Amino acid sequence: MASSEKTSKPIGKTLVFGALTAAFYTGFFAYGDAIAAQFAQGSFWAAGPIATVFAVSYLHGEFASNLWATLGISAVHKQARKTVEATKRPAQRPVLNA
């Protein structure tokens, strides 16, 4: 049976996360030397590259996810196979070999 669910397309979220992703990339490429010099100071600044990677990854992932949803492309959901429950075997009787 086909279900007719009406879902709204996240166009606003796509535009917001796309703009934020573009701003991050533009900022990092424009001020790359200054950012690298700041991160090279050590101490807590050493966590900067890791935090930057997580931030860019999150923003880009949200943008890509919303873009696919806006375009109407979704993953294929396979139905779980029904498993046949195994019958319980009777316990073996001890045999005396005399």
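Lys-88 sits in the segment after H3, with helices (H or I, at least four residues) taken as DSSP runs and numbered from the N terminus. This residue is exposed, at a relative accessible area of 82%; exposed means over 50%, buried under 20% and partly exposed in between, using a 1.4 Å probe and protein chains only. Between the C-alpha atoms of Lys-88 and Ile-73 there are 45 Å, for 15 residues along the chain. The model is a predicted one, where local features need pLDDT of at least 70 and side-chain atom pairs count only at pLDDT 80 or more, while totals for chains, interfaces and linings use all residues. Residues are numbered from 1 along each chain as its sequence is written, and side-chain values use heavy atoms, with hydrogens and water left out.

Ile-73 turns up again on the surface, where it joins Leu-67, Trp-68 and Leu-71 in a nonpolar patch of about 390 Å². Patches here take residues with over 30% relative accessible area and no salt bridge, joining nonpolar side chains (Val, Leu, Ile, Met, Phe, Trp, Tyr) within 5 Å and like charges within 9 Å. A salt bridge, for its part, is a side-chain nitrogen of Lys or Arg within 4 Å of a carboxyl oxygen of Asp or Glu. Areas come from the Shrake-Rupley method with a 1.4 Å probe, and for residues only the protein chains shown count as cover. Trp-68 belongs to helix H3, residues 48-71, and is partly exposed at 45% relative accessible area.

Then there is the packing of H1 against H3. Their axes come within 8 Å and cross at roughly 145°; axes are lines fitted to C-alpha atoms, for helices over the stretch in contact, with angles from 0 to 180 degrees between N-to-C directions. Among the residues making this contact (heavy atoms within 4.5 Å) are Thr-14 and Phe-17 of H1, and Phe-63, Asn-66 and Leu-67 of H3. Thr-14, in helix H1 (residues 11-30), is buried at 8% relative accessibility. Residues up to four places away in sequence aside, Thr-14 touches Phe-63, Asn-66, Leu-67 and Thr-70. Over on H3, Asn-66 is likewise buried, with a relative accessible area of 8%. Asn-66 contacts Pro-10, Lys-13, Thr-14 and Phe-17, leaving out neighbours within four places in sequence.

One backbone oddity remains: Ser-43 has a positive phi of about 60° although it is not a glycine. Ser-43 lies in the loop between helix H2 (32-39) and H3, and is exposed at 65% relative accessibility.

How values were computed:
Helix = DSSP H or I, 4+ residues; strand = E, 2+ residues; numbered from the N terminus.
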